[in-house]
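Here are a few exercises to work through with a model on screen. Have a go at each one before you read its solution.

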Amino acid sequence: MKNYYEILEVKKNASPEQIKESFVRLMAKYHPDIYSGDKNFAQKICSSITEAYSTLRDPEKRRTYDIEMNLVPKPTVYNFERKENGFFGEKTINGRNYEQEVSKKYFRNAKRKKSFFKKVFTSKLFYSLLFVFAIEMIIIFYFVYSK
């Protein structure tokens, strides 16, 4: 998805006045009748600028766009209707279970990293070295205490 804030060259928290100023400035710069370079390029740039401005000037469209681009947290809705399984006040996001959405987001295709100690204590090399060390200790104690 296109980043409309980069297209209009404004910050994500820009006011509607700043967005309008940027739109007017960019249209004056890239309008096909004014632009001295390639007209097809100017038309493409103008269409993307117009699309970005039409989305960001309307507060409802801008809020929806920001949520889709993960620029603001998604609204949390508490559903207090009685469910078939008997739960009240289930936390949902856009009609879906909150916990399921969070787990999908953070654990999708995630490779779990083992800690250093878990890697060491589950390796074959560690256990083979431990076995050799135990045999050496048995041999040393045999010769030391057998006399």
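Keep in mind that this is a predicted model.

**Exercise 1. Find the place of Phe-41, and work out how Phe-41 counts in terms of accessibility.**

Solution. Start with the place: Phe-41 sits in helix 3. Next, take its relative accessibility, which is 36%. Buried would need a value under 20%, and exposed a value over 50%, so Phe-41 counts as partly exposed. Then look at who touches it. Setting aside neighbours within four places in sequence, Phe-41 is in contact with Tyr-30 and Tyr-35. Finally, try a distance: His-31 is 10 residues away from Phe-41 along the chain, and their C-alpha atoms are 10.0 Å apart.

**Exercise 2. Check the span of helix 2, then work out where its buried residues lie.**

Solution. Helix 2 covers residues 16-30, which makes 15 residues. At 1.5 Å a residue, the helix should span 21 Å, and its end C-alpha atoms are indeed 21 Å apart, so the two agree. Now pick out the buried residues: they are Ile-19, Ser-22, Phe-23, Leu-26, Met-27 and Tyr-30. Look down the axis of helix 2 and you'll see these buried residues fall within an arc of 130°, so they line one face of the helix. Over on the other side, Glu-17 and Glu-21 are exposed. What do the buried residues of helix 2 pack against? Their partners are helix 1 (4-7), helix 3 and helix 4.

**Exercise 3. Decide how helix 2 and helix 3 are oriented to each other.**

Solution. The axes of these two helices cross at roughly 170° and come within 10 Å. An angle over 145 degrees counts as roughly antiparallel, so that is the label for helix 2 and helix 3. Now for the residues: on the helix 2 side, Ile-19, Lys-20, Phe-23, Leu-26, Met-27 and Tyr-30 take part, and among those they meet in helix 3 are Phe-41, Ile-45, Ile-49 and Tyr-53. Sorted by class, the contact of helix 2 with helix 3 has 12 nonpolar, one polar and one charged residues.

**Exercise 4. Do the same for helix 3 and helix 4.**

Solution. Helix 3 (residues 39-57) and helix 4 (residues 59-68) pack at about 105°, with axes 5 Å apart. Angles from 65 to 115 degrees count as roughly perpendicular, so this pair gets that label. From helix 3, Ser-54, Thr-55, Leu-56 and Arg-57 meet Pro-59, Lys-61, Arg-62 and Tyr-65 of helix 4. By class, this contact divides into three nonpolar, two polar and three charged residues.

Methods:
Residues are numbered from 1 along each chain as its sequence is written. This is a predicted model: local features need pLDDT of at least 70, side-chain atom pairs count only at pLDDT 80 or more; totals for chains, interfaces and linings use all residues. Side-chain values use heavy atoms; hydrogens and water are left out. Axes are lines fitted to C-alpha atoms, for helices over the stretch in contact, and angles run from 0 to 180 degrees between N-to-C directions. Helices (H or I, at least four residues) and strands (E, at least two) are DSSP runs, numbered from the N terminus. Angles under 35 degrees count as roughly parallel, over 145 as roughly antiparallel, 65 to 115 as roughly perpendicular and the rest as oblique. Contact means heavy atoms within 4.5 Å. Ala, Val, Leu, Ile, Met, Phe, Trp, Tyr, Cys and Pro count as nonpolar, Asp, Glu, Lys and Arg as charged, and the others, Gly among them, as polar. The expected span of a helix is 1.5 Å times one less than its number of residues. Buried means under 20% relative accessible area, exposed over 50%, partly exposed in between (1.4 Å probe, protein chains only). The arc is that of the directions from the helix axis to the C-beta atoms.
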